Amino acid sequence: MTGDNKFLNRKTRQGAYQTFDVATKPNIFLITVDMISPDCYSAARELSTVIRTPNLDQIANEGTKFNRAFTTSPLCGPARAALFTGQHPPYLTNGERAPCGSQVDLETNDIIFQDYLKSEGYLLKHAGKCHVGVAKFIETFGENVHAWDRWGPPVLDDDRYLDYIDSMGVLPPVYKRELHGLQSDMINVGNSFGGWLEQEDGQPFPVEAHYSTFLADLTIRQLKAAKRQNPTKPIFSQLDFFDPHQPYSIPAGFEKRYQEIKQAVTIPDSFERLMECEDLPNNPIYKLYRKYWGIYDQITLVDYIAGHLLQVEVVDYGIGKLIDYLKSSGLWQESLIIFSADHGDMNGRMGMADKGVYFQPDIFSIPLYVKPPQSQQSSFNQSDELVSALDIAPTILNTAGIATPAQMEGCNLLPITQGEERKPLTQVYQIGMHVGMNLGAGFQLEIEGRRWFYGYNTSTGYQELYDLDIDNQINLFDCDDYRDVRQIVIEKGAEIFSTDPRWAGYWASYRLHNMEKLPLQHNQDMQMLKPTNL
């Protein structure tokens, strides 16, 4: 490692970092999707054997698939902010839903891992979703980058996309068949889930013209441009798909797959229980989200689940285009390629579409595939180490010969692919503002060989405890059979929330909601600050 600090801004001596020698600076490709269910990639889920993702499988098969990867936040903006900064997110809501007074974007003085790559000579390219604020992203990637700071794809707002489909002689897409939830009367149409596309004139809408395919094509064009702009510089390319986030936009050619997937879909147990018991669970935020999405019948639910899998297959098609180019241009073998997501999806569990501000584990679970350069080939194709989205930034930087900056909380995943254990990380899962306001924090722990996921909703005092080793999780916090586990979890929460000043706000109410279960501390004043010597 170099002895002297380098600086992102040498003039002001801000953003200190250090480098170390690497044989070569490899090209680096980060590919993310927006909101994907474990149904699509977890071997424990039956639907993972039904979905066809041969191109994503290539990345996993030539690297390491991390089976226990989680994001720090289940919302787009905060999750991406955490991934880019390598720290727990600085804000807890997406911009379009935030009330006045909430932070919703990265600040221009926030440091993201891409800043270090740029400082060390990488050419930066980006296509797709950004959603961490325009100012920071454009400052880092350059003024000519179209970093769409919105939750859904721009489609007709994107001049380049219109030119792309015009060159194919394809008219803009409209819905041929659209899925909707229902309002609380269970009769009138509510929110749209998207659906199946056709052209404006009723002709089939081809997958080649889909926005996800366009983003893959845009990435390829950016890579070709990079070779001409400076062929000696290494490339960092970031491709952030908007899909499979609903509203779905399924093109022609997937009709047979739709029927096959529909036949394979089984209704989640939690949805069946919900239909029998309206009060499952009793946290008001779940009831709010069920009204928001309005899935009350199995036919709509099956279509929603099938649509989600089909949309992932559409993304996989675009990724295949990119992989073909990387291989044909000699960029595949010696590049670091990472595939992941911002957060998960309920995919019908508990009557929920999408994600939300609560602690059901599916919305924190993410896929994470790491294909290192061939010279650093993985020794293990699968890993059950508990890892985090916070690990992505250090992995990328270390591969580029940049030491993990002091403020980053994750670690380089490549040694884990060689069989090393990861350094301990206390990952705190946070929720904030989305459809409803519901601040909260959670964590994971292992007790006698079983993995538990805990969440504390500060707004209501509602506490959630899930066994991660079963598929259809139910909240076990108040079950008498798990009283011993509950006590261990509560004491662990007290340790985490009381010892880190970042979680002091959770600790303030956590100890009150759990006062009867925590050791009594005599003469303890629970005010966080009071005058002394009085």
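This tour visits one buried residue, one cavity and one sheet with the helices that pack on it. The model is predicted.

**First stop: Gln-114**

Select Gln-114, which is placed in helix 3 (residues 113–119). Is this residue buried or exposed? Gln-114 is buried because its relative accessible area is 0%, and the cut-off for buried is under 20%. Next, display the residues around Gln-114. Leaving aside neighbours within four places in sequence, Gln-114 is in contact with Phe-84, Leu-124, Thr-140, Phe-141, Phe-236 and Gln-238. Keep Phe-84 and Gln-238 selected, since both names appear in this contact list and again in the lining of the cavity at the next stop.

**Second stop: the second largest cavity**

The model holds 2 cavities of 30 Å³ or more. Turn to the second largest cavity, which contains about 40 Å³ of space. Which residues line the second largest cavity? Select Leu-30, Thr-32, Arg-80, Leu-83, Phe-84, Gln-238, Asp-240, Ala-341 and Asp-342 to show the lining. By type, these lining residues comprise 4 nonpolar, 2 polar and 3 charged. Colour the secondary structure elements to see where the lining comes from. At least two residues each are supplied by strand 3 (28–34), helix 2 (76–85) and strand 8 (235–244). Helix 2 makes the greatest contribution to this lining, with 3 residues.

**Third stop: the sheet of strands 14 to 17**

Now move to the open sheet that 4 strands form in the order 14-15-16-17, with antiparallel pairing. Strand 14 (429–433) and strand 17 (463–467) stand at the edges; each has a single partner strand, so one side of each is left without a neighbour in the sheet. From one strand to the next, the twist averages 15 degrees.

In general, the strands of a sheet pair through backbone hydrogen bonds, in either a parallel or an antiparallel manner. For a closer view of one pair, select strand 15 (residues 437–447) and strand 16 (residues 450–457), which are joined in the antiparallel sense over 8 bridges. Within this pair, Glu-446 has Arg-451, in strand 16, as its bridge partner.

**Last stop: the helices on the sheet**

Add helix 13 (residues 483–499), which packs on the sheet and touches strand 15, strand 16 and strand 17. The direction of helix 13 makes about 115 degrees with that of strand 15. Finally, select helix 14 (residues 504–513). Helix 14 lies across strand 14, strand 15, strand 16 and strand 17, and runs at about 105 degrees to strand 16.

Definitions and conventions. Residues are numbered from 1 along each chain as its sequence is written. This is a predicted model: local features need pLDDT of at least 70, side-chain atom pairs count only at pLDDT 80 or more; totals for chains, interfaces and linings use all residues. Side-chain values use heavy atoms; hydrogens and water are left out. Buried means under 20% relative accessible area, exposed over 50%, partly exposed in between (1.4 Å probe, protein chains only). Contact means heavy atoms within 4.5 Å. On a 1 Å grid over the protein atoms alone, a cavity is a set of points where a 1.4 Å probe fits but cannot get out, and a pocket is an open set with protein on both sides within 12 Å along at least five of seven lines; lining residues have an atom within 4 Å of a point. Grid points are joined across faces, edges and corners, and a volume is the space filled by probe spheres set on the points. Ala, Val, Leu, Ile, Met, Phe, Trp, Tyr, Cys and Pro count as nonpolar, Asp, Glu, Lys and Arg as charged, and the others, Gly among them, as polar. Two strands pair if DSSP finds at least two bridges between them. Axes are lines fitted to C-alpha atoms, for helices over the stretch in contact, and angles run from 0 to 180 degrees between N-to-C directions.
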